[in-house]
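Let's take a walk through this one, helix by helix. Have a look at the fold before reading on.

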Amino acid sequence: METHFRTCNLCEAMCGLKITQENSEILKIEGDFEDYFSRGHICPKANGLKDIYLDKDRLKFPIKKTENGWQQISWNEAYALVISKTKEIQEKYGRDAIAVYQGNPTIHNLGTTMFAPEFFKLMKTKNMFSATSTDQLPHHFASWLMYGHPMLLPVPDIDHTDYMLIIGGNPHVSNGSMMSVPDVAHRLEAIKSRGGKYVVIDPRKTETAKHASEHFFIKPNTDAFFLIGLIKEILDLKDLKLDETIFEGFEDLKTEINNFDLNDIEQITGISKEILKKIANDFCSSPTAVCYGRVGVSTQAFGGICLWLINVINIISGNFDKKGGVMFTLPAIDFIGNAKPKDRFSRWKSRVSGYPEFIGELPVAALAEEMLTEGDGQIKMLFTNCGNPVLSTSNGVQLEKALESLEFMVSFDIYLNETTSHADLILPPATGLENPHYDLTFHVLAIRNSAKYSPPLFEKTEGAKYDWEIFQELRNLFLNENQATVPPEVKLDLGLKFGPYQLSMAVLKQNPHGIDLGPLKPIAENRIQQRINLCPEVLAKDLSRLQDAKHEFFVPDSKQFWLIGRRHLRDNNSWMHNSAKLMKGKNRCTLLINPADSESLGLKEHEIAVIKSRVGQVEIPIEISSDIMSGVVSIPHGYGHHRIGTKQEIAKQYAGVSINDLSDEKVIDRLTGNSAFSAVRVEIMPKSL
């Protein structure tokens, strides 16, 4: 019997695991109480690691689509096919005839994070897409404009704050997205225990809201108005004079904010002026406070504005770069360093709709139309990497049609899922417990500085390949070179040695529970290489679009409902639904609807309802609850496993429906290009009609 310590790589929280195994059989997965960062906490998803490792549906060797179905082929044959098709299509149609989509798990796998970009950059295509533009692009956009780098993301100092305002976030379930915070429930309760409070603003009384000091309903997509109202109240409360050697644009900001009226804000958001004033007073009177926004404010038509204004609130309230407010991390491997500000936006645009590029990527909302629309630059070949965009991006049905139109498609994935089933070739890497792990990205977002390396628990299957092997070997073939492949630990060691703490792989291996590098500290002056811009011109100009929306976007329609998503603690987008442990229990894929709305529609509990949007319709059982405000309905994302051609037997048993068969690829944040999943309107009726 042996004990193995590692970091769970299934979400952003970086929880420490203690895994007991005997003769390659996992006996127990539990929290590691010697991990200073996660303090013994784990969520149910951790047990899914065993299910993934043992999953009979998991692919381990390349498979090729033939007239007689899928056939296993050798790695050499698979590699040769990838290279020959890539060069053939680019020679025939041009570089941009190839597109790349990288999914969320890319960043959760060390070898893929390190080596996939090197291979994909060889394509020299402008058609790069990723899951970033489905849920988090506004965070990076605001940070780039205000602080000079898209990864300079201020992190809430949750362990020391006295007041936390959570807008459109549900950390009880997400474990703190864009804020890596294990054991978040206890950390939030600790705020109340030390005499503070945390407040949730959300159209749904989420799992977090149910434990909060206060929860206020807000109409979907109106958060920008709420934030403007909060800034107006804060400016009335505080006589601010900001250091002009550090900040710029403050007077311009005040001018822009004054163009909005509190009476309009009350009517649009559904939050009264009295409540708005109370929140502002509580925020400003607390010794320390922090405003945090996540998916709800990112996945809407004004996500860029929202994330800008959240940063502004933390600054003008005196809680920026301050203990108990928001601060920047100083990770052991610091890939930001002293990076100088540079142009990262609209250097090219998508061919069909003219959506702007940001940080080298186009909005994924443009992916399907770029495949379906004929002409120069049409996408003819697609690489997908650790992603399932048929379920995770807007208008999945249209994307399915687009995938079928391709001349060739390659997927790097461990499953034959709703997206990879359209591929011509699938190259599956070793995964999970077979891999080493170090979180390069999430240490940048952590509520405390730390470093931890996890060695593999098991050997990979004989003949299988690691992701770092696959991408380096493909690179060599593409360039006709013979460079030696190196494991991730080589690069990790260099990054650690040249990092701010001068660590090494040897040191990390001697500390299996991780190394605590201390709490966050005020270090903004060492991280930011420009004056902080409180009123970036491109964001200020977008306020006119927000003003115009008062007269069209937010006009009530008694026949339509706002559709919003939700997630469950046992779900992890679409990629953990083949775990029996995580999927057991009652059906989670339901339409959450307010009692008043269900009564007006003549719908009863568990009855099947038909939901229609511009792009499609689904049938789904309803769940009546006062936890969701009237005029709003909710469907969890990541489901829709009824599609033919897949091989995920457990997921099929809990198929559900895909919310993205309703979400509209034309409804996006027109500034940042992020998908506006929460800005879709739907009609609802009983199936019997």
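On one side of helix 7, His186 and Ser193 are exposed (over 50% relative accessible area, 1.4 Å probe, protein chains only). Keep in mind that this is a predicted model, where local features need pLDDT of at least 70, side-chain atom pairs count only at pLDDT 80 or more, and totals for chains, interfaces and linings use all residues. Residues are numbered from 1 along each chain as its sequence is written, and side-chain values use heavy atoms, with hydrogens and water left out.

Now turn helix 7 (residues 184-193) around: Val184, Arg187, Leu188 and Ile191 are buried, meaning under 20% on that scale. Looking down the helix axis, these buried residues fall within an arc of 100° (taken from the directions from the axis to the C-beta atoms), so they line one face of helix 7. Their cover includes strand 9 (163-167), helix 6 (171-174) and strand 10 (197-201), with contact meaning heavy atoms within 4.5 Å. After helix 7 comes Gly195, with a positive phi near 95°.

Next, find helix 13 (residues 303-316) and helix 21 (residues 537-549), which pack at an angle of about 125° with their axes 10 Å apart. Axes here are lines fitted to C-alpha atoms over the stretch in contact, and angles run from 0 to 180 degrees between N-to-C directions. The two helices, helix 13 and helix 21, are therefore oblique to each other, as angles under 35 degrees count as roughly parallel, over 145 as roughly antiparallel, 65 to 115 as roughly perpendicular and the rest as oblique. Helix 13 brings Gly304, Ile305 and Trp308 to the contact, while helix 21 brings Leu539, Ala540, Asp542, Leu543 and Leu546.

How values were computed. Helix = DSSP H or I, 4+ residues; strand = E, 2+ residues; numbered from the N terminus.
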